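Colleague: Could we go through this model together? I would like to start with a single residue and then work outwards.

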Amino acid sequence: MMKRENSNRTRIVGLRFTPEEFNKIERKWKSTTCRKLSDYIRKHLFNKPITTYYRNQSLDELMYELIRLRNELNALGNNFNQAVKRLHTLDQIPEFKVWILRHELEKKILFNKVEEIKNHIQKMAEKWLQS
């Protein structure tokens, strides 16, 4: 059996913090890979390396925009599938003409959304290449 690293840690130090101080420490700790607050504080006190998570704001914005666009594309795809399903059940030609007009409109909307996605991706790529 492997001996625990902190088995010789017999001394306890008690500290009191204001709520603001504790919140600041906790925020910094939660942005690291340390599993325990005591590990974070110990590493900080003894100047050991602390691995922190890094959030890239432009990636967050990209993900938000892509999720929004994906949801819109899903809605358009659902509408399109419903229209095609309806096409298979048509008995009368006038309904078919209505479907064609509706299809053309939704096709334009779909192509506009695809173009919007391509433009947004291009802007993000240019932003990344400038870094």
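Colleague: In which helix is I121 found?

Modeller: I121 is found in helix α4. Helices here are DSSP runs of H or I with at least four residues, strands are runs of E with at least two, and both are numbered from the N terminus.

Colleague: Before we continue, what sort of model is this, and how are the values obtained?

Modeller: This is a predicted model, in which local features need pLDDT of at least 70 and side-chain atom pairs count only at pLDDT 80 or more, while totals for chains, interfaces and linings use all residues. Residues are numbered from 1 along each chain as its sequence is written, and side-chain values use heavy atoms, with hydrogens and water left out.

Colleague: Back to I121, then. Is I121 buried, partly exposed or exposed?

Modeller: I121 is partly exposed, because its relative accessible area is 43%. The classes are buried for under 20% relative accessible area, exposed for over 50%, and partly exposed in between, with a 1.4 Å probe and protein chains only.

Colleague: How far apart are I121 and L66 in sequence and in space?

Modeller: They are 55 residues apart in sequence, and their C-alpha atoms are 8.9 Å apart.

Colleague: What is the overall order of the elements?

Modeller: The chain has 4 helices and 0 strands, and the order from the N terminus is α-α-α-α. Of its 131 residues, 15% count as buried.

Colleague: What share of the contacts joins residues at least 24 apart?

Modeller: The share is 44%, taken among contacts between residues at least 6 apart in sequence. A contact means heavy atoms within 4.5 Å.

Colleague: Which helix has the lowest mean pLDDT, and which the highest?

Modeller: Helix α3 (residues 57-88) has the lowest mean among the elements, at 76, and helix α1 (residues 19-30) the highest, at 92. pLDDT is the predictor's confidence in each residue, from 0 to 100. The chain averages 79, and 83% of the residues score at least 70. Where pLDDT is low, the predicted coordinates should not be read in detail.

Colleague: Changing topic: how many salt bridges are there?

Modeller: The count comes to 8, where a salt bridge is a side-chain nitrogen of Lys or Arg within 4 Å of a carboxyl oxygen of Asp or Glu. In one of them, the side chains of K30 and E26 meet at 3.7 Å, N to O. Both residues lie in helix α1, 4 residues apart, about one turn of the helix. K30 counts as exposed because its relative accessibility is 54%, whereas E26, at 24%, counts as partly exposed.

Colleague: What joins K107 and E104?

Modeller: Their side chains also meet in a salt bridge, at 3.6 Å, N to O. K107 and E104 are 3 residues apart in helix α4 (residues 93-130), so about one helical turn separates them.

Colleague: Which residues are linked in a network of salt bridges?

Modeller: The network links E65, R68, E72, K113 and E116. Within it, the R68 and E72 side chains form a salt bridge at 2.4 Å, N to O, and these two residues lie 4 apart in helix α3, about one turn of the helix. R68 is partly exposed at 27% relative accessibility, and E72 is partly exposed at 24%.

Colleague: And E65: buried or exposed?

Modeller: E65, found in helix α3, is buried because its relative accessible area is 16%. Leaving aside neighbours within four places in sequence, E65 is in contact with E116 and H120.

Colleague: One more topic: where is N47, and what is its phi?

Modeller: N47 lies in the loop between α2 (37-45) and α3. N47 has a positive phi of about 55 degrees although it is not a glycine. Most residues other than glycine have a negative phi. N47 counts as exposed because its relative accessibility is 71%.

Colleague: Finally, where is L15 found, and is L15 buried or exposed?

Modeller: L15 is found in the segment before α1, and L15 counts as exposed because its relative accessibility is 57%.
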